[in-house]
Amino acid sequence: MGTQQEQYHKARKVMPGGVNSSTRLLKTIGAPFYASQGKGSRITDVEGKEYLDMCCAHGAGLLGNGHPAINEALRKAMEIGYVNSFETVYHEELASVIVDTVACADQVRFCSSGSEATLHLIRACRGYTGKDKIIRIEGHFHGYHEMIFIGGHPPQSDFPRNREQPFIESAGIPQQFAELIIPIPYNDKEALKEAIHQYADETALVILEPVNFNCAGIRADEDYLQLVRKLTAENNIMLFFDEIQSAYKKSFQAAQNELGIIPDVTTIGKSIGGGLPLSAFCGKKEVMDSFSPVGQVAHSGTFNAHLVPILAGLAFMKEASAPDFYPALQKLEKQFHSGIDRIIEKHDLNMVVPNFGARFNILLGRKTAARNYEETFCHDNQEFLSILKDCYDKGVYFHDYGGGPAHHGYSIQHTSEDMDYVLKVLEAAFIKSSNTTGRFVLDDS
Ligand SMILES: Cc1ncc(COP(=O)(O)O)c(C=O)c1O
């Protein structure tokens, strides 16, 4: 099959950067990872080398690679003839599971990606409220489209200017979209109050990740979320939880159920498709009724809610609702995090590894969890890339996300032996890096 580099050379001729998702070009190896097979907790590259998979499809692979229940769902789809562009009994069945397990969900619609889900639901919030502006939180991510790929992750050099002139995160997004975005720092009640005070009459929604997996796993203070809920309710502003990543990661429900703060609308995705492209958006009936044919907000598409991912989604829900599913994941979680804590303590490492269920972030440069985007500037991307490269060389695949404090995780098919190996490899990489640079070891003096 050739080497990764040879494949990269060929692929670059016919696909920009040799990839179909820009962040698949890995800084750690100077090429994309071209996969030839996935099995359980392992992923094999085109050279036939096997790696322990600690990316798990960016969080979509909670069932791991090639899970038997998903294979069975695919067989069922073949038997049915994977009819497309029709509703089936399975769509209603899957929507009913989501209504039962996501606190704010009276009604649901399905689509393929998380970006698609946030796009449609933002449109519904605007249609419902008749307002256009969006209050968003720095460090949070909600997809790659014009409506929201603005002001989330400004470079340090654009900080704090981002709050006056929201940073446009891609070429090609017109400046006019930035005029509709109001970025604020997480966990800052005064900034929230001020933004709502100033823009309540124009603001359709406040959007946030209840667990900020896209930046160091930052969690919201309980009273902060309570305040967001109160102020949005008082001002006819939709509270939008983006749970594309957090839903079903820790238990058979959304994070909002656990946090006890119920938003108006929510997006969910990633793991719900069991590895196939499936996302959903849901919310209170009165908001979901905005969608045509009940209301005036358009949402249609040839491939919307394709039967194949719908059946895979049902298979995921069946697996994840089994009584032993989350206890098994929790066992891995306990092993991994007590192991990491031991390593941090033993070597006095200046880092923190927050998690929510089976997904975690690694933040270098501080011993306590960050509370907002600005507090993550201590993280050294270059140093983290060299740590991830060491892991890669020893057969553990962490996606590099350009070296940022992004998210990683494991699946139900990972074993205790897998976790032991990951811990061993991580420990060696941390020690090597801290000995070389000394950057994230605390100075005792
Ligand atoms: C919170 C959140 N929202 C939206 C998205 C976009 O999802 P997708 O990559 O499926 O378009 C992601 C993806 O990482 C995400 O983590």
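Among contacts in the protein chain between residues at least 6 apart in sequence, what percentage join residues at least 24 apart? In this predicted model, the share is 72%, counted over contacts between residues at least 6 apart in sequence.

## Overall form

The secondary structure of the protein chain comprises 13 helices and 20 strands. The chain has a radius of gyration of 22 Å, close to the 22 Å that the globule rule gives for 445 residues, so it is as compact as a globular protein of that length. Taken along the principal axes, the box filled by the C-alpha atoms of the protein chain is roughly 60 × 60 × 50 Å, and 49% of the 445 residues count as buried.

## Two domains and their contact

The domain assignment divides the protein chain into domain 1 (4-62 + 323-437) and domain 2 (68-320), so that domain 1 is written as two segments and domain 2 as one. Between the C-alpha centres of domain 1 and domain 2 the distance is 25 Å. To the contact, domain 1 gives 28 residues and domain 2 gives 29 residues. On the side of domain 1 that touches domain 2, at least two residues each are supplied by α11 (325-347), β16 (355-356) and β17 (359-361), and the largest share, three residues, comes from β17. Sorted by class, this side of domain 1 holds 16 nonpolar, nine polar and three charged residues.

## The largest nonpolar core

The largest nonpolar core has 129 residues, and those that touch the most other members are C125, L205, M238, F240, V396 and Y397. Helix α10 (residues 307-320) provides the largest share of this core, namely nine residues. Because domain 1 (4-62 + 323-437) and domain 2 (68-320) both give residues to this core, it lies between them. As a general background, nonpolar side chains tend to be buried together in soluble globular proteins.

M238 allows a closer view of one of these core members. When neighbours within four places in sequence are left aside, the contacts of M238 are C125, Y128, T129, A204, L205, T232, D264, V265 and V287. Two residues in that list, C125 and L205, are also among the core residues that touch the most other members.

## The ligand shell

The ligand is surrounded by 15 residues, of which the closest are S113, G114, S115, I244 and Q245. Helix α4 (residues 114-129) contributes the largest share of this shell, three residues. By class, the shell around the ligand consists of three nonpolar, 10 polar and two charged residues.

## Backbone features in loops

Most residues other than glycine have a negative phi, and most peptide bonds are trans. The table gathers the exceptions described here.

| Feature | Angle | Citation |
|---|---|---|
| Cis peptide bond, F159 to P160 | omega near 5° | F159–P160 |
| Cis peptide bond, S292 to P293 | omega near 10° | S292–P293 |
| Positive phi, A57 | about 50° | A57 |
| Positive phi, A305 | about 55° | A305 |

Of the two prolines, P160 is placed in the loop between β7 (133-137) and α5 (175-178), while P293 belongs to the loop between α9 (285-288) and α10. The loop between α9 and α10 is also where A305 is found, whereas A57 sits in the loop between β5 (50-53) and α2 (68-80).

Are the two alanines with positive phi buried or exposed? A57 is buried because 21 other C-beta atoms lie within 10 Å, and A305 is likewise buried, with 24 other C-beta atoms within 10 Å; the cut-off for a buried residue is 20 or more.

## D390 in helix α12

D390 is found in helix α12 (residues 381-393). With 19 other C-beta atoms within 10 Å, D390 is partly exposed, because a residue needs 20 or more to count as buried and 12 or fewer to count as exposed. Not counting residues up to four places away in sequence, D390 touches A428, A429 and K432. As for K334, which is 56 residues from D390 along the chain, the C-alpha atoms of the two residues are separated by 24 Å.

Note on methods. Residues are numbered from 1 along each chain as its sequence is written. This is a predicted model: local features need pLDDT of at least 70, side-chain atom pairs count only at pLDDT 80 or more; totals for chains, interfaces and linings use all residues. A nonpolar core is a set of buried Ala, Val, Leu, Ile, Met, Phe, Trp, Tyr and Cys residues joined through C-beta atoms within 7 Å. Helices (H or I, at least four residues) and strands (E, at least two) are DSSP runs, numbered from the N terminus. Domain bounds come from an automatic or database domain assignment. Two residues are in contact if their C-beta atoms, placed from the backbone, lie within 7 Å. A residue is near a molecule or strand if its C-beta atom, placed from the backbone, lies within 6 Å of it. Ala, Val, Leu, Ile, Met, Phe, Trp, Tyr, Cys and Pro count as nonpolar, Asp, Glu, Lys and Arg as charged, and the others, Gly among them, as polar. The radius of gyration is taken over C-alpha atoms; the globule rule is 2.2 Å times the number of residues to the power 0.38.
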